[in-house]
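Let's work through two short exercises on how helices pack. Grab a pencil and take a look at the model first.

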Amino acid sequence: MTLVGRVTAILRDKVERLCTGGLILGSLFFAASLTPSLIPRTWLTQGALAGICFVIGYVLGVLLQKLWRYLLHTENQAPARTVVSGIVLIPCLAIMAFFLWRATDWQNSVRSIMGMDSLNHWHSLMILLVAVPVIVLLFLLGRGLAYVARAATRLIRRYIPPRIATVAGVTVAALLAWSLATDVLATTAFRMVDLSYQEFDALLEPERPQPITAIRSGGPGSLLKWDELGRAGREYIASGPGAAEIAKFGGGAAKEPIRLYVGLRSAPDVGARARLALEEMKRAGAFDRAVLVVITPTGTGWVDPSAMDPAEYLTHGDIASVAVQYSYLSSPLSLLAQPDNGSETSRALFREIYHYWSSLPNDNRPKLYLHGLSLGAMNSEKSAELLEMVGDPINGALWSGPPFGSRMWRSFTSNRNPGTPEWLPAYRDGRFVRFMNQHGGPVPADAPWGQMRIVYLQHASDAITFFDARDAFRRPDWMDAPRGPDVSPDFEWYPVVTMLQLTVDMIAAGGAPMGFGHVFAPESYFDAWSLVLGTDGWLPEELERLRRQLSIRVEAPQKGDQEMPYANRGG
């Protein structure tokens, strides 16, 4: 037999072994995965997603077909697999080919909304070249697990009844896969990543000079050592506008903003770091400023300067901010490997600061605000219990990109006013909490506030905010009309597949263009801080000029937290 003949025979044998139900459902999952979602996908990401979806669909199809045969008592009958698979294979391939051809246009529908360049149809070919190896690899892994299950079943069958032995064999294979994925591979991977992040965090960057002012951590008289702040801490301390730059826009005298930061290596434990932060604040005169912002950073300790620069301008520099690092890992890894570190740190820091702040006379203390981005927003939410502040509340909070697990955010969103969309809700009369995106919010900016001002800044295209595991089985409310302005009209809901798409969108959310996904523009922060802090002492034309200036200061993104870009530090 010739080589071509042998290859043809092998392929025919593989086709004959295909499960009809698995092939149908796998091809449908493959096709659905190519439709657009919230964030543009690269050919590498899309190819991997398509391959994974095909295998998941195939496995579900196999299970459903087995269940059907079992219910009809036909599991022992030999089906005409060659004829059925041959008939089904051609339309399945046609469906996948059509959706693959349309994939480029669908991705361009998302990219056009976000102002990105269009892709050509080579994109579809590259997707296929990635998807096929992924499918083959996953099938090989599945066959390996099946072999383990059969071997375990044969061994156990010597001692217990056959049906129980089969269940036990499958259980052994499943436990082995789970153990390898979590106890061995995941633990080892997390340990290696944590060590690499820790080493990276300790490196000193020559472009980040040590501050020469006493009101910055690591500067003269500081209780903190410059080399112990970590890269994210040094980045934050060395950036931001100075008094002279602020005065250009404020129309008068300005102060040098106080920036303070405590790194993981600055103290041995959470409580010690929180106490050290408080002492550093006292030393630098943070409680003598008009505004005090307690920041909960992202996983690596990164503080987005696009968020804090506008606040420092709006307060004419009469502001102090403080942050404490709680992890070396990026936010998703930190949430998986160290789920309690962030909340424990933010809670300890807030307690130290609030206890001291609330002991000061009301007319001789700064206004106190909370701020956090992404995982920092969720942990910042947890830092302050509303009941303990009833008698002496803080002044407000700005939380941007809150993850879907944020307790307060979910409560406000679930109890939103009827008729307002999930992606931009209105809560009661807007006196306590307001939502806004890159285009503003549903509550008029001049509407009266209550004693505390809380603003959530979020994008409809941010899967980190709107992901829900239940999306596997039900269409989410935020997909109903009217949709968010940054969500493609071609985005449709498919069982299971949409949840997998949103999972990929969460991973890629920080790579979106500025002002979309999980990347927040300085002008959006400016609008949000204007609501939270107020704009007393500013003329309308000055505010508009500052807003424009903040928007054009953004440079090409650089990866700081491996999940969201750095902006230009200016100043």
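Two exercises with worked solutions follow.

A quick note before you start: this is a predicted model, where local features need pLDDT of at least 70, side-chain atom pairs count only at pLDDT 80 or more, and totals for chains, interfaces and linings use all residues. Residues are numbered from 1 along each chain as its sequence is written, and side-chain values use heavy atoms, with hydrogens and water left out.

**Exercise 1.** Describe how helix α12 and helix α13 pack.

Step 1. Helix α12 covers residues 341-358 and helix α13 residues 375-383; their axes lie 8 Å apart, at an angle of about 45 degrees. (Axes are lines fitted to C-alpha atoms, for helices over the stretch in contact, and angles run from 0 to 180 degrees between N-to-C directions.)

Step 2. That angle makes α12 oblique to α13. (Under 35 degrees counts as roughly parallel, over 145 as roughly antiparallel, 65 to 115 as roughly perpendicular, and the rest as oblique.)

Step 3. Now find the contact (heavy atoms within 4.5 Å): α12 brings Gly-342, Ser-343, Ser-346, Arg-347 and Phe-350, while α13 brings Asn-379, Ser-380, Lys-382 and Ser-383.

**Exercise 2.** Do the same for helix α10 and helix α17.

Step 1. The axes of α10 (residues 305-314) and α17 (residues 522-533) come within 8 Å and cross at roughly 45 degrees.

Step 2. So α10 is oblique to α17.

Step 3. Residues in the contact include Met-308 and Leu-314 of α10, plus Phe-526 and Trp-529 of α17.

How values were computed
Helices (H or I, at least four residues) and strands (E, at least two) are DSSP runs, numbered from the N terminus.
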